[in-house]
Amino acid sequence: RKMVFVTGNKGKFNEARSIFEAKDIELIQDTGGYPELQEDELEPIASFGAKWAAEKLKIPVMVDDSGLFINALNGFPGPYSAFVENKIGNKKVLRLMEDEDDRTAVFKSVIGYCEPAKEAIVFTGMVEGLISLEEKGTGGFGYDPIFEYNGRTFAEIGDDEKNKLSHRRRALDKFFEWLSK
Ligand code: ITT
Ligand code: NA
């Protein structure tokens, strides 16, 4: 079996590819992109993106809209995570968190799947953690060096362990369950 994943993010793709590999599904990256709605929630962004790409490519596709929701910042950067990562980066996010005692945060991944002429369906995965005091680790991508889970950041724990418990893994497990029905 095969699945097409529309994403320009190499880190997302590599993680999803190894998770799919374990299910004997070959994952193919399409970097053509899709319009991203401005919404407070990730679900409508993933749903719209999957539908748009399925109609454009005329094949079944999946997308992954994800984000880091920091509680002390009222959920920021959330749906703006890619923009914030590109514009200011982890160091400045840590600076925004300098005086904050509440360091809790949630990583979310919403997988959107759509077949041409059908409605999109979405699967949400979440993992709770803490924003670290400094960047730690060299693995992963994006916000991984500042997202701490059980005392280590996602950039410290390594791909295999991250893929067992990440927001992306949890969303994909729901997707696999749906696919197998
Ligand atoms: P697409 O082409 O798939 O849209 P993107 O990088 O623009 O790629 P998003 O719009 O979903 O992706 O933005 C999510 C942001 O959160 C982006 O900066 C990612 O690097 C980051 N991110 C997502 N999942 C992550 C993870 O598992 N670990 C660290 N950072 C992550
Ligand atoms: Na994006």
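A polar contact is a pair of N or O atoms within 3.5 Å. Asp144 meets that cut-off with ligand 1: a polar atom of the Asp144 side chain lies 2.6 Å from a nitrogen atom of the ligand. The model is predicted, and every distance here is computed from it.

Two other side chains reach oxygen atoms of ligand 1. In Lys162, a side-chain N or O atom is 2.7 Å from an oxygen of the ligand. In Glu36, a polar side-chain atom lies 3.1 Å from a ligand oxygen. Taken alone, ligand 1 exposes 620 Å², and the protein buries 89% of that area.

Now widen the view to the shell. Ligand 1 is surrounded by 20 residues. The closest are Thr7, Gly8, Lys12, Asp144 and Lys162. Asp144 and Lys162 thus return here, each with the side-chain contact described above. By class, the shell holds 5 nonpolar, 7 polar and 8 charged residues.

Where does ligand 1 sit? Its place is the largest pocket. Elements E3, H3 and H7 each give two or more residues to the shell around the ligand.

Next, the pocket itself. The largest pocket holds about 520 Å³ of space. Its lining counts 27 residues, and those closest to the pocket centre are Asn9, Lys12, Ser66, Ala82 and Phe141. Lys12 is named here and also among the residues closest to ligand 1. The lining divides into 8 nonpolar, 11 polar and 8 charged residues.

Which elements build this lining? Strand E3 (61-70), helix H3 (81-87) and helix H7 (167-179) each supply at least two residues. Strand E3 gives the most, with 5 residues. These three elements line the pocket and also contribute to the ligand shell.

Finally, look at the backbone on either side of E3. Most residues other than glycine have a negative phi, and most peptide bonds are trans. Two spots in this model depart from that pattern. Lys58 is not a glycine, yet its phi is positive, at about 60 degrees. Lys58 belongs to the loop between helix H2 (42-57) and E3. The second spot is the peptide bond from Phe76 to Pro77, which is cis, with omega near 0 degrees. Pro77 is found in the loop between E3 and H3. Both of those elements supply residues to the lining of the largest pocket.

How values were computed: Residues numbered from 1 in each chain as written. Chains lettered and ligands numbered in written order. Predicted model: local features only at pLDDT ≥ 70, side-chain atom pairs only at ≥ 80, totals over all residues. Heavy atoms only, no water. 1 Å grid on protein atoms, 1.4 Å probe; cavity = no way out; pocket = protein on both sides within 12 Å on 5 of 7 lines; lining within 4 Å. Points joined across faces, edges and corners; volume = space filled by probe spheres on them. Helix = DSSP H or I, 4+ residues; strand = E, 2+ residues; numbered from the N terminus. Nonpolar A, V, L, I, M, F, W, Y, C, P; charged D, E, K, R; others polar. Near = heavy atom within 4 Å. Polar contact = N/O pair within 3.5 Å; in protein donor to acceptor, adjacent residues only side chain to side chain. Areas by Shrake-Rupley, 256 points an atom, 1.4 Å probe, with all protein chains shown as cover. Sits in = over half its atoms within 2 Å of the grid points.
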